[in-house]
Amino acid sequence: MHRTVLEQFPAGGPRGSRPAEEFAAARRGEGVPAEVVMDLERDAFLVVVPQQPTDRTP
């Protein structure tokens, strides 16, 4: 599955702070199917959306 990253947030935020979740919720409120995933290599939370397949039929 291919995904597009909308935003990246450091994993070491203050306790009780969830900026990635808040950002994703705001995008979902706009109708964008955003979700939060963890990137272990970057130690960051990513807000992503599934990449829509392009229709290339002539």
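Helices and strands here are DSSP runs, numbered from the N terminus, with at least four residues for a helix and at least two for a strand. On that basis the protein has 1 helix and 3 strands. The model is a predicted one. Read from the N terminus, the order of elements is β-α-β-β.

Start with the overall figures. The protein has 58 residues, and 21% of them are buried. Its accessible surface comes to about 4,700 Å². Carbon and sulfur atoms account for 51% of that surface. Contacts also reach along the chain. Among those between residues at least 6 apart in sequence, 53% join residues at least 24 apart.

Now go inside. The largest nonpolar core has 6 residues: F9, A20, A24, A34, V47 and V49. Two elements, α1 (19–29) and β3, each give two or more residues to this core.

V49 is a good residue to follow from there. It lies in strand β3. Is V49 buried or exposed? Its relative accessible area is 10%. The cut-off for buried is under 20%, so V49 counts as buried. Leaving aside residues up to four places away in sequence, V49 touches R3, T4, L6, V32, P33 and A34. One of these, P33, is 16 residues away from V49 along the chain. The C-alpha atoms of V49 and P33 are nevertheless separated by 5.8 Å. Another partner, A34, belongs with V49 to the largest nonpolar core.

R3, also touched by V49, leads on to the charged pairs. How many salt bridges does a search of the whole structure find? There are 3.

Take the pair of E35 and R3. Their side chains meet in a salt bridge, at 3.9 Å from N to O. E35 sits in strand β2 and R3 in strand β1 (residues 3–10), so this pair ties together parts that are 32 residues apart in sequence. E35 has 36% relative accessibility and therefore counts as partly exposed. R3 is also partly exposed, because its relative accessibility is 41%.

R27 and E30 form another salt bridge between side chains, with an N to O distance of 3.0 Å. Here burial and exposure meet in one pair. R27 counts as buried, at 18% relative accessibility. E30 counts as exposed, at 54%.

The pair of D39 and R42 can be read in a similar way. The closest N and O atoms of this salt bridge are 3.2 Å apart. D39 is buried, with a relative accessible area of 15%. R42 is exposed, with a relative accessible area of 51%.

Finally, turn to the outside. Which residues form a nonpolar patch on the surface? They are M38, L40 and F45. Together these residues have about 300 Å² of accessible area. L40 lies in the loop between β2 (35–39) and β3 (44–50). Why does L40 count as exposed? Its relative accessibility is 72%, and the cut-off for exposed is over 50%.

Strand β3 thus appears in several parts of this tour. It gives two or more residues to the core, it holds V49, and it borders the loop that carries L40.

Key
Residues are numbered from 1 along each chain as its sequence is written. This is a predicted model: local features need pLDDT of at least 70, side-chain atom pairs count only at pLDDT 80 or more; totals for chains, interfaces and linings use all residues. Side-chain values use heavy atoms; hydrogens and water are left out. Patches are made of residues with over 30% relative accessible area and no salt bridge: like charges are joined within 9 Å, nonpolar side chains (Val, Leu, Ile, Met, Phe, Trp, Tyr) within 5 Å. Accessible areas come from the Shrake-Rupley method with a 1.4 Å probe; for residues, only the protein chains shown count as cover. A salt bridge is a side-chain nitrogen of Lys or Arg within 4 Å of a carboxyl oxygen of Asp or Glu. Buried means under 20% relative accessible area, exposed over 50%, partly exposed in between (1.4 Å probe, protein chains only). A nonpolar core is a set of buried Ala, Val, Leu, Ile, Met, Phe, Trp, Tyr and Cys residues joined through side-chain atoms within 4.5 Å. Contact means heavy atoms within 4.5 Å.
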